[in-house]
Amino acid sequence: MPRYDSADSDERSAKHEPTGSVTGLLHAAARGDNGAADRLFPQIYEQLLALARSHMHQENPGHTLQATALVHEAYLRLVGSDPLSWSSRTAFFQASAKAMRRILIDHARRRGRSKRGGDLKREPLDAVDLAVSSDPDEVEALDAAVSRLAERDPRAADVLQLRFYAGLSVEDTAAALGCSERTVKREWAFARAWLYQELQA
Amino acid sequence: MADWQRVKSIFEQLIELSDEDRDRSLGRLCEGDVELRAAVERLINAHEQAGSFLAMPTLDRRRGEAEDVIPGKPEFLPSRIGCYTPLEAIGEGGFGTVYRARQEAPVRRIVALKVIKPGMDTREVIARFESERQALAMMNHPNIAPVLDAGATEEGRPYFVMEYVPGEPITAYCDRHRLELRERLELFVQVCHAVQHAHQKRIIHRDIKPTNVLVMSRDADGQHDDDVQQGPASGAAAVARVIDFGVAKAMDQRLTEHSVFTQEGMLVGTLEYMSPEQADTSQVDIDTRTDVYSLGVLLYELVTGSLPFNPQTLRHKGYVEIQRIVREVEPPRPSARLSALDGVSSVPKDGRSAEIARRRGTDVRTLIRKVRGELDWIVMKCLEKDRARRYETANGVGLEVERFLKNEPVLAGPPGAGYRIRKFVRRNRVAIAAITGTGAALTVGFLVSIAGFVAATRALDLADDQRQLAQHSANDARRAADKAEAVNRFLQDMLSEADPRNNARRDLTVREALDRAVARLDSGEMKHQPEIEAAVRLTVGRTYIGLAQYAPAETQIEFAVDVYRSLFGESSGEYADALQQRGTVRKFAGRPVEAEPDFRTALAIQRSRGETAAAEAAACANDLATALLDLKRFDEAAQLQKEVLSFARRPENVDKPILSEAINNMGSLHLARGEHGLAEPYFREALDVNRRIVGDLHPNVATNLDNLAQTLHSKGDLDGSEETYREALAVRRKLFGADHPDVATSLHNLAVLHFVRGNLEACEEGLREAFDILRRMNGRGHPDTLTVADSLISVVGASGRLDEAERLLHESYDAVRDDPAIPLARKCALAERLVDLYRAWSKPDKADEWSKKAEHWRALETASTQPSSG
């Protein structure tokens, strides 16, 4: 498990990363380079997918695969022990949250389709048979609700995505978003309640 | 939603308040804005109900093991629970949350605190825990982490306090450390010792599974046990500790329909380790062998890396199917499972079994070779469906594994002697399944209880009439002039001697009264009034039918047939009526072949009498159709049934019993033909009609219910079916008491349903009761008795009690052998079952002997069904 509480004194990045590397992209993204953020996403997505796939093959049957644990493992692989500033880490986890959300919803849709008898072609994700532990319809409904939340309350949605999809602690989420832990807790409680109510409706 | 920011801000203020303060502040903060208030309230409710919603997205293709202890992302740590301060959440699951917590008093120490999620009766949970508390306190074993305390949080959720074990689930530990088979088995032996210790203190765990068996490295004290490369980790260097003793019992976790579907996470995690007797909801009797079963599943998983039953399969099955699988399906031997994984692995590199072997520090072939044989036998002995075949104790399992490790011979053996018996058992399961599957075809004479209809109704109506008569006796007696009055007076006398109101058991009273009446008639009391005597005897006979006393019934009716024929002639309505009664009693006695000509003759007579006898003709046609149904001549039956129904639907019959009878019998016809979809609406309509014209408590209602239940069963609605059967049974017991063939019908049908649901004990119990009733009431050779006996033999055989199966088969055979009314095929089938039994029993001489008898009947049957060729 990586530790995140290292001092954030590393903007210097002693060694020069090749521009395509994740660390380099993270630094660029942290400096506000939107292109870098865009190039980051597919890399993280690929890595998460590959991890999920290999885990599904290798893990002891019945082993639970935590989406958030995947994100953390992806961090270890892509960033390793390179010290990162909090803003770079934030960029990473924001991209990861987005990627994880995409993986979950893609898979849910595929599962939903196969459940309804369509589309028997094996697609990459089916090969890993990645499953969320709830009903595909629910995953989809949740995803749609998160999108609605993001439209109306971007900050609550940010907290939700970092906490839920990337598995950040309250503390780390607060650091990532530059706000207090108390705020994170309140936003999280609100987002959760609002989504719950949306899904109940 | 009202203004987003205002709603959000009020919500955020409110959630920091206590419940009472919340209510008070809500009004103030919303300042009378109804819409705003509603929006906030909805959110607050959602907040309170959200529970573990969005706790963690989990990816798991194989199993919803929700209890995996994972480093949790604490949400809001409760500040204090009792005298404990939670430090971090270390586990999250369907049951609730586990915290690492600090205890302040009376001693300062770190504990694990398991807080159960809302939804359980806290007082009951704690009371159940308290009842076992003393025994729990007496446990003292290095491989047990004791449960220290239980209590309730301020919100009223139960919690358990346990010694904190900084370990990980045994399977995860073994895999992460790549423990070899031997090391895994050594750890497993520790678990057996722990469970044995608890058993000696009379504590059954009830929920043994990897997440309740935590392992930590001995040297590391569990604290720094993080890396794969940690020197030679081995089973001996590791300590297993079993947690959660007493918790499962306190939480009363059982497989129930409700829990499977609403608490999937929790129960699915437990399902795969659940013993057959736990899967049986009616089975409350759990003993140490239940834990032996779960130990077997754990051993299976440690050895093969997979579970006996594919969790994916289990998860996607309904409750009934899960029960069935756990109770009936024999899982593959561990070595076979490993081979299968190897064989079917379609994954190009890195197949699952290769990986599983790698985690055990070996290759697939070597692993399979090590497992095949003794270890297979040990695991399979733990997993026996019948707990009497398992190891008696956890120690038994532990010693056995130790013997294996020391290369000493194990006690468990290969499937040898028992094997053939098991195969027989399985065949018997197929046999009873066949009864169910083709239920309609086999059960027309019995399960489709047109039977109860006519006779029972009439008996009851009669009893009612007679009670009324008894009440108006003064008037009626004075006008006693004609035949009907004479009959009534006789019956009235009979009944006033045995007033049903003085006796709780009405059927007994009526029976006594009937016997007394017959005695008086036989003594010649009415010998100068033959016509009246015949009418009385006919009524007495009908009443006997209602009580299922077919032999005395037939004697009385036979008398009436003779008298009417000589008094009124063979084309009279009276004669036809008596014939119809004789047909009825013959049909009920299981002799539809003899019933048919009676009904046909009666029908012809009534038809010849024209429109005045239209109702009588319809009644005869109705009876004839049911007899044809018994004879499986469906087309002829259908033809008649349609005529009867169109007559019954005439407006003047809207309140007549013929309407519901005709509708019901149409349904029965469809059911007998396997057309469930067509049958159901008829039964429902008949039920409506009957409830309208006769009320809820009536034999016809029970018959409709029974038939409806069978239809629901056929189309797979087991819950609806069971409920409906029980309703029918309740009505019948109220009407007839405990001893009546119709009660037996209901019992048999419920038993078949129990069988389908995998509840063999309840099934057997029901069958025995039904069998007992029918044997006494109808005799051993009656087709209904034989049908129930067949079912009972299957169940008894399925439990391996071959001697009892043998005895029952012989009884059935002896009862039918010389009865010409019993179809040859049935006699042949009984002989064949005996052959099967003796083969399974390794009694070849007897098998041969019965094989010859079966051959004899088969030859006769073939001859009888072949058209004579000249």
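Visitor: What makes E8(B) largely enclosed by the rest of the structure?

Guide: Keep in mind that this is a predicted model. Buried means under 20% relative accessible area. In E8(B), 5 of the 5 residues are buried, so the strand is largely enclosed by the rest of the structure.

Visitor: And which way do the residues of E8(B) point?

Guide: B:Val213, B:Val215 and B:Ser217 point one way, while B:Leu214 and B:Met216 point the other way, and all are buried. That fits the general pattern: in a regular strand the side chains alternate between the two faces of the sheet.

Visitor: How do you know that E8(B) pairs with E9(B), and in which sense?

Guide: Two strands count as paired with at least two bridges between them. Strand E8 (residues 213-217) of chain B and E9(B) have 5 bridges, in the antiparallel sense, so they qualify under the cut-off of at least two. To find the pairing on screen, look for B:Leu214 opposite B:Arg241 in E9(B), and B:Ser217 opposite B:Ala238 in E9(B).

Visitor: What about E7(B) and E8(B), how many bridges join them?

Guide: There are 2 bridges, and the strands run antiparallel. The rule asks for at least two, so this counts as a pair. Here B:Pro169 stands opposite B:Leu214 in E8(B).

Visitor: Why are E7 and E9 of chain B said to stand at the edges?

Guide: The open sheet has 3 strands in the order E7-E8-E9 (chain B), with antiparallel pairing. Strand E7 (168-169) and strand E9 (238-242) of chain B each have a single partner strand, so one side of each is left without a neighbour in the sheet. Then there's helix H6 (residues 181-200) of chain B, which packs on the sheet and touches E8 and E9 of chain B. The direction of H6(B) makes about 35° with that of E9(B).

Visitor: Which residues touch the most other members of the largest nonpolar core?

Guide: The core has 80 residues, and the ones to look for are B:Phe160, B:Ile170, B:Leu185, B:Leu187, B:Phe188 and B:Val191. H6(B) supplies the largest share of this core, 10 residues. A second, separate core of 74 residues includes A:Val22, A:Met100, A:Val146 and B:Ala46.

Visitor: Why is A:Cys179 called buried and B:Cys83 partly exposed?

Guide: The line is drawn at 20% relative accessible area, with exposed starting over 50%. A:Cys179 has 18%, so it is buried. B:Cys83 has 26%, so it is partly exposed.

Visitor: How many disulfides are there over all chains?

Guide: The test is a pair of cysteine sulfur atoms within 2.5 Å. By that rule the count comes to 0 over all chains.

Visitor: What makes phi of B:Arg202 worth a look?

Guide: Most residues other than glycine have a negative phi. Phi of B:Arg202 is near 65°, a positive value in a residue other than glycine. B:Arg206 also has a positive phi, about 80°, although it is not a glycine. B:Arg202 lies in the loop between H6 and E8 of chain B, and B:Arg206 lies in the loop between H6 and E8 of chain B too.

Visitor: Are those two arginines buried, partly exposed or exposed?

Guide: B:Arg202 has a relative accessible area of 73%, so it is exposed. B:Arg206 has 24%, so it is partly exposed.

Technical notes
Residues are numbered from 1 along each chain as its sequence is written. Chains are lettered from A and ligands numbered from 1 in the order in which they are written. This is a predicted model: local features need pLDDT of at least 70, side-chain atom pairs count only at pLDDT 80 or more; totals for chains, interfaces and linings use all residues. Side-chain values use heavy atoms; hydrogens and water are left out. Helices (H or I, at least four residues) and strands (E, at least two) are DSSP runs, numbered from the N terminus. Contact means heavy atoms within 4.5 Å. Axes are lines fitted to C-alpha atoms, for helices over the stretch in contact, and angles run from 0 to 180 degrees between N-to-C directions. A nonpolar core is a set of buried Ala, Val, Leu, Ile, Met, Phe, Trp, Tyr and Cys residues joined through side-chain atoms within 4.5 Å. Buried means under 20% relative accessible area, exposed over 50%, partly exposed in between (1.4 Å probe, protein chains only).
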